[in-house]
Amino acid sequence: MASKVIKGGTVVTADLTYRADVKIEGDVIVEIGPNLSGDEVLDATGCYVMPGGIDPHTHLEMPFMGTYSTDDFESGTRAGLAGGTTMVVDFALPNPEQSLLEAIQRWDNKSTRANCDYSFHMAITWWGEQVFNEMETVVREKGINTFKHFMAYKGALMVDDDEMFASFSRCAELGALPLVHAENGDVVAQLQAKLMAEGNNGPEAHAYSRPAEVEGEATNRAIMIADMAGVPVYIVHTSCEQSHEAIRRAKQNGIRCYGEPLIQHLTLDESEYQSGDWDHSARRVMSPPFRNKKHQDSLWAGLQAGTLQVVATDHCAFTTDQKRYGVGDFTKIPNGTGGLEDRMPMLWTYGVGTGRLTMNEFVAVTSTNIAKILNIYPKKGAVLVGADADLVVWDPAKEKTISATSQQSAIDYNVFEGKPVKGLPRYTLTRGHVAIMDGEIRTQEGHGKFVAREPFTAVNRALSQWKEVMAPRKVQRAGIPASGV
Ligand code: DUC
Ligand code: ZN
Ligand code: ZN
Ligand code: ZN
């Protein structure tokens, strides 16, 4: 079998930094060490050899708010690879009353075009006996061990506490991990109506309708409900101090939960909504909205302290024309921003480059931590013999200014437009295939394969399951009093 050797670089993993060559045969890493040889040599002089990024939160070609997100599995994964990301996890979304298995089938059909490996989270958008039953098939036969719940988007995707507790309890039985979009959807709906009634219909009102308290309350509620159901929980797009605080407090009390800031929330702030340019602000409408520096500092601190574990994108890209569906009514602006191509360079530049993160922490939060959380480590997220050769050869001296004119994403703008970045891929490899070679795009449509994920073992349990005091016990009584009057 023809081999490749990545030569002369420094391997950087979540816990080690050392000089070594990396040899690949077919899809996997076969040797790591000094002075290796192979049929093809990839020069990594001056570069870091790291596990490819894993973005656990994308919405590719998703039907949402009256349209479809514009980046699909082809353009989305091409963008990811250009920025050093070698795996995405997308959300299979059933319509209300639709079978979970049908939704997976729709996602299977779309994802045949993927340029890199991918997996799915299953969204629980409605509740009933059919969903309860199908969840078992999803876990046991479809290789999906995560279920997403929206506490917002009232009247569309939202589930209530009743449904969440039932679904979380089912997750606990099946060894699956619930994911939560934590915003209080009832409060958001009322604030939206109030703002519109007062004539606040521009994109800035989107941020006013989703204050940090809305997220903090929902995060805390989700964590407490999950613990009562006996299951850990993963909070997607943690964007504010209140939400981080709820996660931090729960962890301190022994509750297993995870938080996922987005690169957008780490690097862009609420002033984007005050631009006075409708298109500029609407292009940045996403939920949760961008916040102020206090919240950003909290998120950076959480990544550093380990109270937040993963940096994702929630890549959900809409064109300017799609955003304009919301002219005159901000509640109709399709929610979502892109970031797949920029997550790794932006986090490197504004995290590692500023000293806020070490290189090893960078690897942890862009790849290794989520591989462990999703139960796919060390197939993914590792530079180890036997692991998939999903690798990025990272050139810390390579610079560019982010611009929509040179991006892979199919939309007509970039929320990071004009931001300088230093640190970019020289090569990105997806299961041994060199998809990015010195800026040249060599992606292969359909190269990506579905990554099945096993259910979690008993070790990954919530506090309430092993903490004896919470287990119900029958009390022995000498007798019971006669009933009253
Ligand atoms: N938030 C977004 O901004 N877009 C997609 C879904 C979501 O929760
Ligand atoms: Zn969300
Ligand atoms: Zn999302
Ligand atoms: Zn290939």
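Ligand 1 is surrounded by H59, H181, M286, S287, D314, C316, N335 and G336. By class, this shell holds two nonpolar residues, five polar residues and one charged residue. The model is predicted. The points below follow one residue of the shell, M286, and then turn to a pair of helices, α13 and α14.

**M286**

- M286 sits in a loop, with α10 (278-283) on one side and α11 (293-305) on the other.
- M286 counts as buried because it has 26 C-beta neighbours inside 10 Å, and 20 or more are enough for that label.
- Leaving aside residues up to four places away in sequence, M286 touches D314, N335, G336 and T337.
- Among these contacts of M286, D314, N335 and G336 also belong to the residues around ligand 1.
- I333 is 47 residues from M286 along the chain, and the C-alpha atoms of the two are separated by 9.0 Å.

**Helices α13 and α14**

- Two packed helices are described by the distance between their axes and by the angle between those axes.
- For helix α13 (residues 343-352) and helix α14 (residues 359-373), the axes come within 11 Å and cross at roughly 145°.
- The crossing of α13 and α14 is right-handed.
- On the α13 side, the contact is made by M344, L347, W348, G351 and V352; on the α14 side, M359, F362 and T366 take part.
- The residues of this contact between α13 and α14 comprise six nonpolar and two polar, with no charged residue.

Definitions and conventions:
Residues are numbered from 1 along each chain as its sequence is written. Chains are lettered from A and ligands numbered from 1 in the order in which they are written. This is a predicted model: local features need pLDDT of at least 70, side-chain atom pairs count only at pLDDT 80 or more; totals for chains, interfaces and linings use all residues. Axes are lines fitted to C-alpha atoms, for helices over the stretch in contact, and angles run from 0 to 180 degrees between N-to-C directions. Helices (H or I, at least four residues) and strands (E, at least two) are DSSP runs, numbered from the N terminus. A crossing is left-handed if the near helix is turned anticlockwise from the far one by less than a right angle, and right-handed if clockwise. Two residues are in contact if their C-beta atoms, placed from the backbone, lie within 7 Å. Ala, Val, Leu, Ile, Met, Phe, Trp, Tyr, Cys and Pro count as nonpolar, Asp, Glu, Lys and Arg as charged, and the others, Gly among them, as polar. A residue is buried if 20 or more other C-beta atoms lie within 10 Å of its own, exposed if 12 or fewer, and partly exposed in between; C-beta atoms are placed from the backbone. A residue is near a molecule or strand if its C-beta atom, placed from the backbone, lies within 6 Å of it.
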